[in-house]
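This report describes parts of one structure for a reader who has not seen it before. It takes up the contacts with DNA, then a stretch of the protein surface.

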Amino acid sequence: MNRPESENRDLFAIADLSHEFGISTRAIRFYEAKGLLNPERVGGTRVFRRRDRARLILILRGKRLGFSLRDISDYLSLYDAQSQTAQTKLLVAKVDERLSLLERQKADLETTIGELREIKKLAGERVGA
DNA sequence: ATTCTAACA
DNA sequence: TGTTAGTA
């Protein structure tokens with residue numbers, strides 16, 4: 001009983017994170033190469049702390065939402081220095097844009113889900129399921 | 001066994 | 001990003 005589930009640990013090896021989030025170590029190194037992660041180094045080995053883990057969670061969420069690594073990178077900057085620059089405003093614009101797209105897709109999905117349920121219902125009655 | 005960099009797909 | 005090679 002030694003592997004305290006990540007929630008309590010402080011240090012993580014690249015393998016720990018890749019296993020926990022189901023991504024390759026290559027992907028993690030890739031995110032670092034792109035500047036999204038900055039793990040410490042002990043010798044030449046990467047040592048991730050909770051901060052890095054938290055950022056990785058945000059990166060993966062951003063990916064699921066369809067953001068590019070570039071956008072996610074900018075987004076991550078907000079968590080560090082709350083610089084209210086032109087860059088930040090431009091980012092807010094991108095976020096609004098994505099937000100609109102997601103809202104539309106959400107509405108479309110709900111409409112489609114409703115229609116499919118109706119079709120299923122009618123089909124079921126016809127078959128007498 | 002594990003991780004690292006670099007290079008090519 | 002996956003994979004492979006050659007290390008430390």
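In this predicted model, the residues around DNA strand C are Ser24, Arg26, Ala27, Phe30, Tyr31 and Lys63. Of the atoms of DNA strand C that come within 4 Å of the protein, 50% belong to sugar and phosphate.

Helix H2, residues 25-33, supplies the largest share of the surface near DNA strand C, with 4 residues. By type, the residues of this surface comprise 3 nonpolar, 1 polar and 2 charged.

Polar side-chain atoms of Ser24, Arg26 and Lys63 have these distances to DNA strand C:

| Residue | Atom of DNA strand C | Distance |
|---|---|---|
| Serine 24 | phosphate oxygen | 2.3 Å |
| Arginine 26 | base oxygen | 3.1 Å |
| Lysine 63 | phosphate oxygen | 2.9 Å |

Serine 24 thus has its partner atom in a phosphate of DNA strand C, and lysine 63 also pairs with a phosphate oxygen. For arginine 26, the partner is an oxygen of a base.

The second topic is a surface patch. Tyr75, Leu78 and Tyr79 together make a nonpolar patch of about 270 Å². Where in the chain does leucine 78 lie? Leucine 78 is in the loop that runs between helix H4 (69-77) and helix H5 (86-127). Is leucine 78 buried, partly exposed or exposed? The relative accessible area of leucine 78 is 31%, so this residue is partly exposed. Patches take in residues with over 30% relative accessible area, and leucine 78, at 31%, is over that cut-off.

Terms used: Residues numbered from 1 in each chain as written. Chains lettered and ligands numbered in written order. Predicted model: local features only at pLDDT ≥ 70, side-chain atom pairs only at ≥ 80, totals over all residues. Heavy atoms only, no water. Patch = residues over 30% accessible without salt bridge, like charges linked within 9 Å, V, L, I, M, F, W, Y side chains within 5 Å. Areas by Shrake-Rupley, 256 points an atom, 1.4 Å probe, with all protein chains shown as cover. Salt bridge = Lys/Arg side-chain N within 4 Å of Asp/Glu carboxyl O. Helix = DSSP H or I, 4+ residues; strand = E, 2+ residues; numbered from the N terminus. Buried < 20%, exposed > 50% of the residue type's maximum accessible area, 1.4 Å probe, protein only. Near = heavy atom within 4 Å. Polar contact = N/O pair within 3.5 Å; in protein donor to acceptor, adjacent residues only side chain to side chain. Nonpolar A, V, L, I, M, F, W, Y, C, P; charged D, E, K, R; others polar.
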